[in-house]
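Student: Could you take me through one part of this structure up close? I'd like to look at the core and what sits around it.

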Amino acid sequence: MSMNMNEMLKRAKKMQEQAAIEEAEIAKKEFTVEKQGIKVVLLGTRKIKSIKFNEVLIDPDDPELLEDLTMLAINEAIELIDDEYDELNSKFSAPGF
């Protein structure tokens with residue numbers, strides 16, 4: 001039995017509203033990754049909130065190590081955020097579209 005068009009539109013609008021609410025929740029959320037003495041905190045908007053270094057890592061003769069570890073930690077945090085958005089998108093994706 002097919003649903004009438006108005007009912008389908010109402011259902012789609014309700015799903016869009018719920019998706020927007022959940023997306024806003026992810027945007028406010030903090031994602032923290034700690035990697036070998038580096039701690040990065042990103043918001044769900046993918047903006048960096050903070051970066052903290054264990055002072056043992058600060059070696060003026062080897063700045064590349066600190067740069068590499070920072071990049072790895074930030075990229076991992078971005079992946080966590082992307083995973084949350086992917087989960088949200090799959091939750092609200094209609095099959096066959």
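Tutor: Before we zoom in, a quick note on charges: Lys and Arg count as positive and Asp and Glu as negative, while His and the chain ends are not counted. On that basis the chain has 13 positive and 21 negative charges, and the mean positions of the two sets are 14 Å apart. Keep in mind that this is a predicted model.

Let's get our bearings. The chain has two helices and three strands, and from the N terminus on they run α-β-β-β-α. The radius of gyration is 20 Å, well over the 13 Å that the globule rule gives for 97 residues, so the chain is more spread out than a compact globule. You can see that in the C-alpha trace too, which spans about 70 × 25 × 15 Å along its principal axes. Buried residues make up 22% of the 97 residues. As for the outside, the accessible surface comes to about 7500 Å², and 54% of that belongs to carbon and sulfur atoms.

Now for the core. In soluble globular proteins, nonpolar side chains tend to be buried together. Here the largest nonpolar core has 17 residues, and Ile38 and Val40 are the ones that touch the most other members. The elements giving two or more residues to this core are α1 (5-28), β1 (30-35), β2 (38-43) and α2 (63-92). Helix α2 provides the largest share, nine residues.

Have a look at Val40. Leaving out residues up to four places away in sequence, Val40 touches Phe31, Thr32, Val33, Ser50, Ile51, Ala73, Ile74 and Ala77.

Phe31 is on that list, so to speak, from the other side: let's go there next. Phe31 is found in strand β1. With a relative accessible area of 6%, Phe31 is buried, because buried means under 20%. Again skipping residues up to four places away, Phe31 touches Ile26, Val40, Val41, Leu42, Leu43, Gly44, Ala77, Leu80, Ile81 and Glu84. Here's a nice pair to find on screen: Phe31 and Glu76 are 45 residues apart in sequence, yet their C-alpha atoms are 9.6 Å apart in space. For the chain as a whole, among contacts with a separation of 6 or more, 47% are between residues 24 or more positions apart.

Next, hop over to helix α2, where you'll find Thr70. At 12% relative accessibility, Thr70 counts as buried. Beyond residues up to four places away in sequence, Thr70 touches Ile38, Ile51 and Phe53. You've met Ile38 already, as one of the two residues that touch the most other core members.

Finally, check out two loops. Gln36 lies in the loop between β1 and β2. At 62% relative accessibility, Gln36 counts as exposed, since the cut-off for that is over 50%. The phi of Gln36 is near 45 degrees, a positive value in a residue other than glycine. Arg46 is in the loop between β2 and β3 (48-53). Arg46 isn't a glycine either, and its phi is positive at about 75 degrees. At 37% relative accessibility, though, Arg46 counts as partly exposed.

Technical notes
Residues numbered from 1 in each chain as written. Predicted model: local features only at pLDDT ≥ 70, side-chain atom pairs only at ≥ 80, totals over all residues. Heavy atoms only, no water. Helix = DSSP H or I, 4+ residues; strand = E, 2+ residues; numbered from the N terminus. Rg over C-alpha atoms; globule rule 2.2 N^0.38 Å. Buried < 20%, exposed > 50% of the residue type's maximum accessible area, 1.4 Å probe, protein only. Contact = heavy atoms within 4.5 Å. Areas by Shrake-Rupley, 256 points an atom, 1.4 Å probe, with all protein chains shown as cover. Charge placed at Lys NZ, Arg CZ, Asp CG, Glu CD. Core = buried A, V, L, I, M, F, W, Y, C linked by side-chain atoms within 4.5 Å.
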